[in-house]
Amino acid sequence: MSIVGIIVEYNPLHHGHVYHFTRARQETGAEAAIAVMSGSFLQRGEPAIVSKWARAEMALHMGADLVLELPTAYAVQPAEWFAYGAVSLLNATGLVTHLVFGSEEGSTDKLHELASLLAEESSGMKRAVAEELASGASYPAAYAAAAERALARGAAEGARGLLMQPNNSLGLHYMIALRRLGSAIKPLTIRREAAGYHDAQPGEGAIASATAVRRLILAEGLPKASPYMPDYAADIMARELREGRGPVTWESLRPQLLHQLLTSPAEQLSQIHEMTEGLEHRIKKLLPDLAEPTVISLLQALKTKRYTHTKLQRLLVHVLLGHNKLSNTREILAGGPGYLRVLGFTEKGRELLRRMKKTASLPILTRPPELSHPQLELDLQASAVYASSFPVPDTNQLFRDYRQPPIRL
């Protein structure tokens with residue numbers, strides 16, 4: 001039985017996602033689909049526009065049979081660990097036969113070659129990344145340049161340009177993760193069509209990037225964004241907005257973040273994951289001089305060539321959630337996720353879960369109290385902090401992760 005795995009955020013789900021999902025099923029001939037989805041906070045360091053439960057419901061309506069949550073410990077990380085955590089979950093099901101991801105390249109040929117050379121990261125590669133970072137490059141640029149330096153002339157040709165494209169880079173890390181895990185899952189890619197990852201405005205046609213869809217929702221309202229979303233996704237989004245559970249943005253969490261930044265001494269902030277090179281002192285110095293005490297003003301003041309907007313947003317998530325360096329070491333992250341957390345399933349997904357009882361290499365969770373695990377604690381905390389942004393306080397939402405069974409369609 002062919003089962004396709006996809007790694008998603010659906011922030012929110014739009015026609016481009018449907019295109020990718022449909023092609024993934026077609027290209028693999030898959031009889032079922034398993035999605036690994038980020039929870040309350042996302043890889044680029046943002047809160048999701050609506051909850052993971054709403055986004056999982058969108059995925060099930062689209063046709064996914066089983067939706068698993070990517071633990072927060074991996075969801076808010078650079079590409080290497082985001083990919084490793086997500087691929088580890090797909091591999092741990094014991095069922096997934098194919099991983100399909102979107103890319104600018106549209107082919108795995110060059111990515112295969114790079115993955116085979118970079119999967120065992122040499123000391124030379126690590127040194128090259130460190131040197132590029134010391135020269136002032138951002139991490140994505142440093143990694144791309146280091147890969148070009150570390151590879152033989154033939155393999156290096158075009159490596160930097162290839163890896164500076166965000167979906168190519170993420171796809172490479174998926175393939176590196178498969179190799180490091182010794183996984184039998186076969187990777188395939190589909191070229192991104194019509195809208196680029198960072199496109200802020202929709203182009204012609206019905207496909208727009210998630211960035212553009214979010215901007216429309218926030219600036220002009222859901223009706224302006226609805227043409228770029230399937231009806232079921234727009235309906236779920238409308239329900240969430242109507243009931244006060246979105247849209248969630250960084251400014252929705254401004255009081256909570258400012259509380260942490262204002263009350264934590266610089267020494268304490270220095271222990272936060274991804275807090276490097278004295279950034280804690282820079283933050284403390286900038287806060288009194290902000291034109292407005294907003295998250296966007298802080299990010300604009302902090303941003304330099306060296307520190308990308310994404311890196312800084314992830315750092316602020318770690319501050320917000322209290323993620324420290326000791327719980328996010330490479331050694332701990334290399335141990336992989338500790339469970340398969342089920343957010344939702346269909347009838348076919350129910351059958352997959354029955355099969356996974358025999359094939360899965362990790363515990364399967366349908367309710368959090370079933371397991372005590374440090375990563376799960378981080379997930380529960382993240383969901384509670386996320387729900388604290390809602391305009392109307394609601395105990396049920398703050399503790400929803402303790403009470404909500406998987407969504408069933």
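**Notebook: second pocket, helix 11 and the cores**

I looked up the second largest pocket and noted that helix 11, helix 17 (295–302) and helix 18 (309–321) each supply at least two residues of its lining; helices here are DSSP runs of H or I with at least four residues, numbered from the N terminus. A pocket is, on a 1 Å grid over the protein atoms alone, an open set of points where a 1.4 Å probe fits, with protein on both sides within 12 Å along at least five of seven lines, and lining residues have an atom within 4 Å of a point.

I kept in mind that this is a predicted model, in which local features need pLDDT of at least 70 and side-chain atom pairs pLDDT 80 or more, while totals for chains, interfaces and linings use all residues. Residues are numbered from 1 along each chain as its sequence is written, and side-chain values use heavy atoms, without hydrogens and water.

Of the 20 lining residues, I found Glu46, Arg215, Leu218, His309 and Gln313 nearest the pocket centre, and helix 11 gives the largest share of the lining, four residues.

I then turned to helix 11 (residues 210–220), whose buried residues (under 20% relative accessible area, 1.4 Å probe, protein chains only) include Ala210, Val213, Arg214 and Ile217. Just after helix 11, I noted glycine 221 with a positive phi of about 100 degrees.

Finally I checked phenylalanine 41, which, leaving aside neighbours within four places in sequence, is in contact with residues including Glu46, Leu253, Leu320 and Tyr386, contact being heavy atoms within 4.5 Å.

Methods. Buried means under 20% relative accessible area, exposed over 50%, partly exposed in between (1.4 Å probe, protein chains only).
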